[in-house]
Amino acid sequence: MHAPYNSWLVALSIAVAVFVSYTAFRLAARVAEASRPMRRYWLIGGASAMGIGIWSMHFIGMLSMSMPMVLRYDIPMTVASLLIAIVTSWMAIRIAAADRLGSRALALGGLVMGGGIAAMHYLGMAAIDITPAIRYRPALVAASIVVGIGASSGALWLTFHLRGGRTAHPLARLGGALLMGLAISGTHYIGMAAATFAPHSRCYGGIALDNAWLAVTIALVSVSLLVFALMTDMHSSELAARAQAHAARLQQINAQLRYQATHDGLTGLLNRDAFLARLAAALHEARAGAGRFAVLALDLDRFKLINDSLGHGAGDRLLCEVARRLRAMSPDADAIARMGGDEFLVLTRSVENAEEAGTLATKIIQGLSKPLRLESLEVLVASSIGISRYPNDGGTPETLLAHADEALYGAKRRGGRTFQCFVPEMNGFAQERLQLESDLNHALTRGQFELHYQPRVEVVSARVSSVEALLRWRHPARGYISPRTFIPIAEETGLIVPIGEWVLNEACRQARRWHSSGLALRVAVNLSALQFRQPGLLRTIAAALAAERLPPQLLELEITESVVMTDAETSVGILEQLSHMGVVVSVDDFGTGYSNMSYLQRFPIDRLKIDASFIGVMNDDPQSTLIVQAIISLAHNLRMKVIAEGVETTAQLRRLASLGCDQYQGFLFGQPMPADALEPQLRAHASLGDPSDTAATRARLSRPAWDPSLLASNDD
Ligand code: C2E
Ligand code: MG
Ligand code: MG
């Protein structure tokens, strides 16, 4: 007797078989990945779920058959068939999770799987308590077993050989699952076809298989699938979480290692290697784009003293505080590093030139010098900075660092608490000169010039009737630069013209200020050769006077002997016009250039300034004294006044007084100073009358009215 099948249930049973296989293979892949201690649990859980699934399929298959009687099952045998399903599944998963699958293992696996499925099926059938007993057609039984073994082998082969790496390719897994499902359901349905139930068979004892069983079976399938799904899910999320944790940790360790490799452990600033790398990168970039940058080497003054007296803990805290302040004060820095000890380096692209580098250095030195509490002591941190710049001071990281260091030692040599730009001392003269030239170019617009004033004192009355304006260039990196250095450069480049004009205007402004405050001081301004030959000179002077409404007698122009003598014809013309304007003209550095003094007769000149070189040697060199004496008498014969320059001692002054010199200028009375610093001295020694009033001066000269204490002291 052969019963008809419910095709829906048949389809369901096959679907269950395929689905169970699919999930089992997926699980196998997870087992393969699972950590060793977890493997066993995966295997047990997976095998149980798959076994229950296969077993459920078997019963759904049984239910799909419409039998005229109710089938009853023997419980121990039914349980045994379930156990066989589970063991078979266990083997299937183990084989599928193996690293390798040789042909022998494949054959064995197929045999065990197919055999297991068949064993489960026929044991399940044997559990049916039916009389008369079911009869089987051997050929079909053999066919069911062959299909089971063949399909299982195919399923195993597919999952194995199409897998990439450890886990199967999804398509291979699907094919494997289809084949496995075919093995399970094929064995079942061929086995069922092999079975013949005698008509009017009856079941006794055991448990009846009815709709309630169907519900239980379906529930079991659902649960087993759910368990599968849960296990796979849990596993993947566990894996994902583990992978994430791994990655995060790795990243953290990586970052930590990188940080340690590039930073100074104490201060958290960059270390030497990292700084050199940044420097190399900056260099590379600057070369490509004609960029510029500066390297500042900083060193703390007296750090060793603090370290030794307050201990290393205090020293470390000091270094950390210095690092903190450095960061705060150079927010635009491209790199700040500690080179070990108390040496720091700053790399910055945000400075365009030496001036800006100097400004930054000053800011850092000042910022670091704020007091700091260490061990209940107020500590003052003084620091020195050396600066080297690209491209001016070097083209490799090594030279730039070496030059910054060299400059740093220069700053230290100058007493510390200051900065110094690298200056190439040997064979770098041309380079330095070029640098100065380019700096000088900007000095005027950047307001780096100022005028200092040196009083000229009446020898007889010790009164100050005039001052000489002397130009000062406050270089941002080098401090004050002597006019003897930069005036020749300014003359060569023509910059002296605008600079000289500035001096003229500034001097007139100052003379006006003094005049308005009751000090009738004449201001003497030095004119360079180029200035003197400018076609617009007279206009410029007139404009300067007019702008301040300054009486022309309060302006004096100093021109050197050589300027007057070259192209004497033109000079005479210019001098005549100046004299006509009313300004006072004097010949500077007189005596150094020309021996033929008779030329002087032709020039409308008011004063001669005897060069300091004669005054300096006057007391021990009778020849010098003779020259001075000759100049004075010549000048007086020509109705000129004489000023002695560079008077440093009272002995010199006494000698000059005895020779009838009118005025003197020199350190003895005072150094050139800014106007406001000079003011008290000026007021104390202010001239009584109009300084241009020659008659008044002459009258005073006849009286021996100089400060007797000056002459009384004998200091040479
Ligand atoms: P100078 O016109 O002969 O100025 C006198 C120089 O002697 C000044 O030097 C002054 O500071 C210095 N001196 C004054 N008293 C003493 C002393 O007792 N002993 C010694 N050893 N030196 C003394 P400084 O200021 O360095 O100026 C140097 C030169 O630069 C000036 O020589 C002048 O030729 C030029 N110079 C200064 N300012 C200007 C300016 O505004 N325009 C032009 N064209 N040249 C200027
Ligand atoms: Mg002068
Ligand atoms: Mg002079």
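Two exercises with worked solutions follow, both based on a predicted model.

**Exercise 1. The magnesium site**

Task: Identify which protein donors hold the magnesium ion (ligand 3), and establish whether Asp-588 is buried or exposed.

Solution:
1. The protein donors are OD atoms of Asp-588 and Asp-589 together with two entries for Glu-645 (OE), lying 2.0 to 2.4 Å from the ion.
2. Along the chain, the donors follow the spacing D-D-x55-E.
3. Asp-588 belongs to strand 19 (residues 584-590), whereas Glu-645 sits in the loop between strand 21 (641-644) and helix 22 (650-659); the pair therefore ties together parts that are 57 residues apart in sequence.
4. Buried means under 20% relative accessible area. Asp-588, at 5%, is buried, and Glu-645, at 13%, also counts as buried.
5. Asp-588 also coordinates the magnesium ion (ligand 2), which is 4.1 Å from the magnesium ion (ligand 3).

**Exercise 2. A five-stranded sheet**

Task: Determine in what order the five strands of the open sheet are arranged, and which strands form its edges.

Solution:
1. The order is 8-9-7-12-13, with mixed pairing.
2. Strand 8 (335-338) and strand 13 (419-421) each pair on one side only, and are the edge strands.
3. From one strand to the next, the twist averages 15 degrees.
4. At the strand 8 edge, four bridges join this strand to strand 9 (residues 343-348), and the two run antiparallel. Ala-337 stands opposite Leu-345 of strand 9.
5. Helix 12 (residues 397-413) lies across strands 7, 9, 12 and 13, running at about 145 degrees to strand 12 (382-390).

Notes:
Residues are numbered from 1 along each chain as its sequence is written. Chains are lettered from A and ligands numbered from 1 in the order in which they are written. This is a predicted model: local features need pLDDT of at least 70, side-chain atom pairs count only at pLDDT 80 or more; totals for chains, interfaces and linings use all residues. Side-chain values use heavy atoms; hydrogens and water are left out. Donors are N, O and S atoms within 2.8 Å of the metal (3.2 Å for Na, K and Ca); water is not among the atoms, so sites may look incomplete. Buried means under 20% relative accessible area, exposed over 50%, partly exposed in between (1.4 Å probe, protein chains only). Two strands pair if DSSP finds at least two bridges between them. Axes are lines fitted to C-alpha atoms, for helices over the stretch in contact, and angles run from 0 to 180 degrees between N-to-C directions. Contact means heavy atoms within 4.5 Å.
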